[in-house]
Amino acid sequence: MRRGKPLLWQPGTLGHTGAMLRTLSDIAATEALAADVAGRVRPGDAILLEGPLGAGKTTFARAFLRAAADDPALEVPSPSFTLVQSYETLRGTVHHFDLWRLDGPAALTELGWDDARADIVLVEWPDRLGPLRPADALTVALQQLPDDGRRALLSGWADRIGALA
């Protein structure tokens with residue numbers, strides 16, 4: 001994962017089968033994408049949020065959780081210090097992990113990663129998962145654009161990614 005200036009993805013140059021590139025013009029567009037993903041999630045799913053600081057990972061996570069719970073006023077604090085917050089939603093239990101402060105996957109056992117995988121996991125900074133990174137996850141790689149918009153590269157979920165409009 002790059003921590004410097006993010007790469008700009010160009011349509012047609014992705015090289016990913018089943019990948020989708022979305023331009024998100026504002027926060028509302030990011031929230032709409034998150035709600036769309038939340039409407040398709042099911043127990044056992046992992047949603048991995050990649051991108052540098054300020055790319056919109058927490059904005060996406062909050063919108064996802066509010067949509068999954070059908071509660072636009074749901075308080076969703078960043079789990080940067082607790083590392084994981086769990087929510088009961090209409091889609092099932094969602095465990096929101098923020099792995100920014102983790103050095104690697106060894107600490108995930110203490111956080112209940114193995115048990116959480118039976119539910120829905122939403123992970124910020126998934127590069128810290130190492131070999132525990134779920135192969136069947138939906139990855140949402142976010143990138144901030146100069147005009148305050150975002151670009152999202154979605155990959156994974158071969159059976160559902162095409163429905164994300």
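**Helix 2 and the sheet it covers**

The cover over the buried residues of helix 2 (57-69) includes helix 1, strand 2, strand 3, strand 4, strand 5 and strand 6, with contact taken as heavy atoms within 4.5 Å and helices (H or I, at least four residues) and strands (E, at least two) being DSSP runs numbered from the N terminus. This is a predicted model, in which local features need pLDDT of at least 70 and side-chain atom pairs count only at pLDDT 80 or more, while totals for chains, interfaces and linings use all residues. Residues are numbered from 1 along each chain as its sequence is written, and side-chain values use heavy atoms, leaving out hydrogens and water.

The buried set in helix 2 is Lys57, Phe60, Ala61, Ala63, Phe64, Leu65 and Ala68; buried here means under 20% relative accessible area, exposed over 50% and partly exposed in between (1.4 Å probe, protein chains only). Helix 2 runs at about 160° to strand 5 (120-124), using axes fitted to C-alpha atoms, for helices over the stretch in contact, and angles from 0 to 180 degrees between N-to-C directions. As for length, the 13 residues of helix 2 should span 18 Å at 1.5 Å a residue, and the end C-alpha atoms are indeed 18 Å apart; the expected span is 1.5 Å times one less than the number of residues. Right after helix 2 comes Asp70, with a positive phi near 55°.

The sheet itself is open, with seven strands in the order 1-7-6-2-5-4-3 and mixed pairing, where a pair needs at least two DSSP bridges. Strand 1 (20-24) and strand 3 (84-89) are the edges, each pairing on one side only. Strand 3 pairs with strand 4 (92-98) in the antiparallel sense over six bridges, and Tyr87 stands opposite Val94 in strand 4.
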